[in-house]
Amino acid sequence: MSKFGMFRDRDSKDLFAEAYKEMVASVEKGVDPKEIDALYLGNFTNDFFVHQSHWAPIVSDLIGMTPKPATRTEGACASSALAFREGIFAIASGFYDMVLVGGLEEMSKRTTEEVAEGLALATVPYEGEVGFTFPGVFGALATAYFARYNANREHLMNVTIKSHQNASLNPKAQFKLTVKDMMRAKAESLEKRGMPVPEWADEKAFLNDASVNPVVAWPMHLYDCCPISDGASCMLLVGEEIAKQFTDDPIYVMGIGQGSGKGLHACPDLTYFEATRHAAQEAYSMSGLKPKDIQFSEVHDCFSIAEIIHLEDLGFFEPGTGYKAVEDGLTRLDGSKPINTSGGLKCKGHPVGATGISQLYEVWTQLKGKAGERQVPIKDLHIGAAHNLGGTGGTCTFTILERR
């Protein structure tokens, strides 16, 4: 995985090359890239963001894979999770033995307004016609969730505080600052400019201050939202029968699931995603596992409310109790069900085409015991998962990985 962030002087090819070089170096017994049979590459809409499409052969040429087949997959924010899924099917069919899967997105070359317009291409037509952008979508979902389950903005803040804490331990994250760090930095900035410094009692007082955390689409405030990001990620998939040629400690795919969902106008309820529930059921059925067996997970927290909803849809907590689980510390790094140990999309960053594989990268890193300061402190850590959502819930994947 490349570092995520806003890189005015780097492009998609630079970022993918960074991720690819790290992948090759990570193979413990070595790998000859010439033996890779095919490439599946996720990208949402560099067509819009940088006016360049057809990214699979561009990347194939970049890393010297031509004339091997190269295929682009697109599923909005779930684009590279679909690349992973296609790679799994290609190997499971027996057609290929080794494939490269990955994703990329380059968003920083556009203004915030233009990025909002580009991302809104992933809404369904009815949503776009009435002016929904994604902060508005998740503001509507949060409003519905608050009304049904008596949650409030402070429960969203618990997610934000936890995400920033985890990201501060992730060297590849876009925002490596805790909320306390941001609070101190803001106070120092105001003081240097000779302006009054508010006496914030704690992180929640800071997040409640509209001068530093303004409303974007109520109840979504600035620090409830993921950033504009550039980045790339990739992963090598090989058949189980040859995996030990590359490492004595391979990570196995136990279950994969994908679901689709209705546009918001047709949803009977805005407090869950039918695509997530279907994808989760597929993955659990394939693996023979239950939600309680998943020791930790990355979930698609493009907005703070999204993390809470996904916790429930994946079966980790009962409907209407996800926000209470976060409040009680169950999803912290040292909790019973660590969630978004990377910092999540919220703080790690969200270059949409790269996100799905970057989530799986975090799961792989944790299962291999390579996460450093953010390593999940569970003695027998062997099962992790990643949940990736595209659009306003139209595409969802759920993947379960195991270290044996």
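# Close-up views of a predicted model

**View A. Four strands make an open sheet in this predicted model.** Their order is β7-β10-β9-β8, and the pairing is mixed. The edge positions belong to β7 (251-260) and β8 (296-298). Each of these edge strands has a single partner strand, so one side of each lacks a neighbour in the sheet. From one strand to the next, the twist averages 15°.

**View B. Strand β8 pairs with strand β9.** β9 covers residues 383-390. The two strands run parallel and are joined by three bridges. Within this pairing, S297 has A385 of β9 as its bridge partner.

**View C. Helix α4 lies across the sheet strands β7, β9 and β10.** The helix spans residues 79-92, and β10 spans 395-403. Relative to β7, α4 runs at about 120°.

**View D. Helices α1 and α3 pack against each other.** α1 takes in residues 12-26, and α3 residues 55-62. The packing angle is about 55°, with the axes 11 Å apart. That angle makes α1 oblique to α3. Their crossing is right-handed. On the α1 side, the contact is made by S12, K13, F16 and A17. On the α3 side, W55, I58, V59 and L62 take part. Sorted by class, this contact has six nonpolar residues, one polar and one charged. The polar residue is S12 and the charged one is K13.

**View E. Helix α7 crosses helix α12.** α7 is formed by residues 134-149, and α12 by residues 304-313. Their axes come within 9 Å and cross at roughly 60°. The two helices are therefore oblique to each other. α7 passes α12 in a left-handed crossing. From α7, the contact residues are F138, L141, A142 and Y145. From α12, they are I305, A306, I308, I309 and E312. By class, the α7 contact with α12 has eight nonpolar residues, no polar ones and one charged. The charged residue is E312, on the α12 side.

How values were computed: Residues are numbered from 1 along each chain as its sequence is written. This is a predicted model: local features need pLDDT of at least 70, side-chain atom pairs count only at pLDDT 80 or more; totals for chains, interfaces and linings use all residues. Side-chain values use heavy atoms; hydrogens and water are left out. Axes are lines fitted to C-alpha atoms, for helices over the stretch in contact, and angles run from 0 to 180 degrees between N-to-C directions. Angles under 35 degrees count as roughly parallel, over 145 as roughly antiparallel, 65 to 115 as roughly perpendicular and the rest as oblique. A crossing is left-handed if the near helix is turned anticlockwise from the far one by less than a right angle, and right-handed if clockwise. Contact means heavy atoms within 4.5 Å. Two strands pair if DSSP finds at least two bridges between them.
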